[in-house]
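Work through the following exercises with the coordinates open, and compare each step with the worked solution.

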Amino acid sequence: MVKTHRIAVIAGDGIGKEVIAEGVKLLQKIADLDGRFSFAFEYFPWGCEYYVKHGKMMDDDGMEKLKEFDAIYLGAVGYPGVPDHISLWELLLKIRKGFDQYVNIRPIKLLAGAPCPLKGVNRDQIDMLVIRENSEGEYAGAGDWLYPGKPEEVVLQTGVFSRKGTERIIRYAFETARQQGRSLTSISKGNALNYSMVFWDQIFSELALEYPDVPTYTYLVDAASMFFVKQPERFEVVVTSNLFGDILTDLGAALAGGLGLAAGANINPERNYPSMFEPIHGSAPDIAGKGIANPLAAFWSASQMLDFFGYESWGKLVLQSIEQVLINQTKLTPDMGGPATTQETSQAVINELQRVANCES
Ligand code: NAD
Ligand code: IPM
Ligand code: MN
């Protein structure tokens, strides 16, 4: 019997639409080649254009609708004309929080053939898995804006680090490191953030006692940023807070081929709600509509989705096909120094995947 996975597609804004259209083609091709499963894609037109027309980023019962799906495939949210804090809080962050997708998994791995701005680096020296807290911390949305426009004006943006929230992300990271037989590095900032990050460090030390087999390291985020560039091989599995994880993974993306290649999975490990797969880049208004956005990040996030559904061999084949296209170089988009369009890069990966799949069957 063919198993059907229901996927909610929120292509969103700018290049989100362009890259997700290609990612859907890739997933569809894989389902056709496999035959044991299929995808039922349902499209939601939510995003900034929707906001301009309807005064809201998603339908009022949007979360109810999404809840029924097995996964969400998202492009990017945010576009000039709608304030970013509105578009992001009412769509992307609403989903991450509302569906308790508290684990954000962002692989920073230099694939074969991918460009790297660092000199003298061996490819295997950049291979980390960043596990970012995705539900609270600096992104809790707690705060206030007092006396707006008055001389007494004050704004408060409060970080919220709960024991439950901090423990569960660090535990998830320890479990991952143990399973992969790799070290775990915690990145924090206890010297300056004298409540939140002291608490984070304390919980990291507490949990480390339960995982004596996992080698651990801790860095302050400023030094960690320096070592990301100078000695990336120090990092294997990394766990960090919401904001630090956001910033460090754009830095990591730059090391591993650029934003056009970096993917992220927003996971609800208990599977009480759908998880969401997305490139980590934004809507790129500077290149939107030109047909030159790099679709590889959207493909890598599709690969994460395949892993999540238990089709790891397909997930791996997607990465191998991306690598082959990176090695060949002729079908890369301009951000990677190539001449290709979004669709040409996409087609090259899909052709490669089909070629290998046909050889194997
Ligand atoms: P961005 O990631 O959209 O773009 C940064 C730079 O990287 C741009 O020069 C862009 O052209 C380039 N770039 C990004 N992805 C690319 C790709 N696939 N191919 C080729 N080049 C690519 O970041 P930004 O400009 O800071 O943000 C633009 C908008 O996107 C803002 O509204 C922001 O809030 C939003 N945003 C959304 C998400 C998301 O939905 N997950 C993530 C980041 C930013
Ligand atoms: C990301 C993005 C989001 C984040 C923004 C758009 C709210 O930058 O997914 O990295 O900060 O998490
Ligand atoms: Mn980001």
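**Exercise 1: a loop residue with positive phi**

Asp100 has a relative accessibility of 22% and is therefore partly exposed, where buried means under 20% relative accessible area, exposed over 50% and partly exposed in between, with a 1.4 Å probe and protein chains only. The model is predicted, so that local features need pLDDT of at least 70 and side-chain atom pairs count only at pLDDT 80 or more, while totals for chains, interfaces and linings use all residues. Residues are numbered from 1 along each chain as its sequence is written, chains are lettered from A and ligands numbered from 1 in the order in which they are written, and side-chain values use heavy atoms, with hydrogens and water left out.

Task: state where Asp100 lies and what its phi is.

Solution: Begin with the place of Asp100, which is the loop between α4 (84-98) and β4 (103-109); helices (H or I, at least four residues) and strands (E, at least two) are DSSP runs numbered from the N terminus. Then take the backbone angle: Asp100 is not a glycine, yet its phi is positive, at about 50°.

**Exercise 2: a second positive phi**

Task: locate Ala284 and classify its exposure.

Solution: Ala284 sits in the loop between β12 (275-279) and α9 (296-308), and its phi, near 45°, is a positive value in a residue other than glycine. With 21% relative accessibility, Ala284 counts as partly exposed.

**Exercise 3: a helix residue and a remote partner**

Task: find which helix holds Asn358, and give the C-alpha separation of Asn358 and Leu33.

Solution: Asn358 belongs to helix α11 (residues 342-360), where its relative accessible area of 44% makes it partly exposed. Although Asn358 and Leu33 are 325 residues apart along the chain, their C-alpha atoms are separated by 8.5 Å.

**Exercise 4: cysteines and disulfides**

Task: give the number of disulfides and classify Cys116 and Cys359 by exposure.

Solution: The structure contains zero disulfides, a disulfide being a pair of cysteine sulfur atoms within 2.5 Å. Cys116 is partly exposed at 23% relative accessibility, whereas Cys359, with a relative accessible area of 59%, is exposed.

**Exercise 5: the whole chain**

Task: describe the protein by its secondary structure, burial and contacts.

Solution: First, the protein has eleven helices and twelve strands. Next, buried residues make up 52% of its 361 residues. Finally, among contacts (heavy atoms within 4.5 Å) with a separation of 6 or more, 75% join residues 24 or more positions apart.
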